Amino acid sequence: LRKYCFGTKPVEFDIVSDEKTNFGHTGFPFANFNDPNLNVSIPVFIIHGNHDDPTGASNLCALDIIASAGLINYFGKSITISEQIVDISPILLEKGCTKLAIYGLGSVKDERLYDLLFREYVQFVRPDENKDDWFNIFCIHQNRTARGKKNSIPEEFLPNFLDLVLWGHEHECRIRPEFNVQQKFYVTQPGSSVITALCDSEVAPKHVGILKVYKNNFNLEPIPLRTVRQFVTNKVVISDLNINPNDLHIDAKVEQFLLKRAKKLIQECNKERNDTFPDQIPELPLIRIKVDYTGFEHVSQSPIRFGRKFFDIVANPLDILLYTK
Ligand SMILES: [Mn+2]
């Protein structure tokens, strides 16, 4: 942040919302580029996630520290007390004839936000004048994919005056804006920038994007990330392997099969590396084989013992195998 976002190049837009409303929760109730003691050329606006949410008696989080150093503009820190309306006031930016309203809400427990939205306890505060002139963005950090009742936020709970929702938290890269026909807004879900969970949703190539807004039109250009570690995942169903469950050498036979499969996946990664000449990809790939052992519960494979054979070839040797039913 200090290296790339500070500098003498002037910021080319104005902030026209009440900065105290946007940033009053920090010790410095104004945008960092309006601080006479700082030279900011690329201002960063950021909400907190669920691993860095405010906590403790003074409700502090990591972003508070970074904000107080003047490096970021931390917004969307709604301190919610139950049975009270939560106001979400936008940061209003203007450049030429383009007006951008950025609403934000840092991560809160899904069940809680679900309830607040369902009971219409969340209020999006819109600018008083020329409501339709604004391009409205909402930054949210919650479950988007349903994982049980109330455990995610339905897009239909968000107000339909929004133009674009920037959805954080979800790991899968779905950065190309998806149109919600009912709500008439777009949702972009950039996904995690690195692979953090060894599951299918992390297989899609990682991207960041550059969003350009002109009046009420926007364009989001996805940019592929070239430093992401390779990851392949695969599923093996033992009952499909044509092995007799009562075979005395069943452990060894299953292990042989899995070793072969792992080596094949590693070869694929190596081939891909050689074909695409990626310059900055870390050398060792991530490999995950899901082993469905239904009907073969007596087969004993230690994932740790299995992984010892891959110490210098794979980034995650000790959890290549994941047993499932
Ligand atoms: Mn998250």
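Biologist: How many helices and strands are there in the chain?

Modeller: The chain holds 6 helices and 16 strands. The model is predicted. Along its principal axes, the C-alpha trace spans about 80 × 45 × 40 Å, and 40% of the 325 residues count as buried.

Biologist: What is the strand order in the open sheet of 7 strands?

Modeller: The order is E1-E5-E6-E8-E9-E11-E10, and the pairing is mixed.

Biologist: Why do strand E1 and strand E10 stand at the edges?

Modeller: Strand E1 (14-15) and strand E10 (174-180) each have a single partner strand, so one side of each is left without a neighbour in the sheet.

Biologist: How do you know that strand E9 and strand E11 pair?

Modeller: Strand E9 (residues 164-168) and strand E11 (residues 185-189) share 3 bridges in the parallel sense. Pairing requires at least two bridges, so the two strands count as paired. Within this pair, valine 165 stands opposite valine 187 in E11.

Biologist: What makes the contact of lysine 77 with aspartate 64 a salt bridge?

Modeller: Their closest N and O atoms are 2.8 Å apart. The cut-off is 4 Å, so the pair qualifies as a salt bridge. Lysine 77 lies in the loop between strand E3 (73-74) and strand E4 (86-88), and aspartate 64 lies in helix H3 (residues 62-68), so the pair ties together parts that are 13 residues apart in sequence.

Biologist: Why does lysine 77 count as buried?

Modeller: Lysine 77 has a relative accessibility of 10%. Buried means under 20%, so lysine 77 belongs in that class. Aspartate 64, at 9%, counts as buried by the cut-off of 20%.

Biologist: Why is aspartate 319 called partly exposed?

Modeller: Its relative accessibility is 34%. Buried means under 20% and exposed means over 50%, so aspartate 319 falls in between. The side chain of aspartate 319 meets that of arginine 288 in a salt bridge of 3.8 Å, N to O. Aspartate 319 lies in the loop between helix H6 (303-307) and E16, while arginine 288 is in strand E15, so the pair ties together parts that are 31 residues apart in sequence. Arginine 288 is buried, with a relative accessible area of 9%.

Biologist: Which sheet contains E15 and E16?

Modeller: Both strands belong to an open sheet of 3 strands with the order E14-E15-E16 and parallel pairing. Its edge strands are E14 (231-237) and E16 (321-324), each of which pairs on one side only.

Biologist: How do you know that strand E15 and E16 pair?

Modeller: Strand E15 (residues 286-292) and E16 pair in the parallel sense over 4 bridges. At least two bridges are needed, so the requirement is met. In this pairing, aspartate 292 stands opposite threonine 324 in E16.

Biologist: Why is no salt bridge assigned to aspartate 292?

Modeller: Lysine 235, the nearest side chain of opposite charge, is 4.3 Å away from the buried aspartate 292. A salt bridge must be within 4 Å, so this pair does not qualify.

Biologist: What makes the contact between aspartate 292 and threonine 294 a polar contact?

Modeller: The side chains of aspartate 292 and threonine 294 are joined at 2.5 Å. A polar contact is a pair of N or O atoms within 3.5 Å, so the distance satisfies the cut-off.

Technical notes:
Residues numbered from 1 in each chain as written. Predicted model: local features only at pLDDT ≥ 70, side-chain atom pairs only at ≥ 80, totals over all residues. Heavy atoms only, no water. Buried < 20%, exposed > 50% of the residue type's maximum accessible area, 1.4 Å probe, protein only. Lys, Arg positive; Asp, Glu negative; His and termini not counted. Polar contact = N/O pair within 3.5 Å; in protein donor to acceptor, adjacent residues only side chain to side chain.
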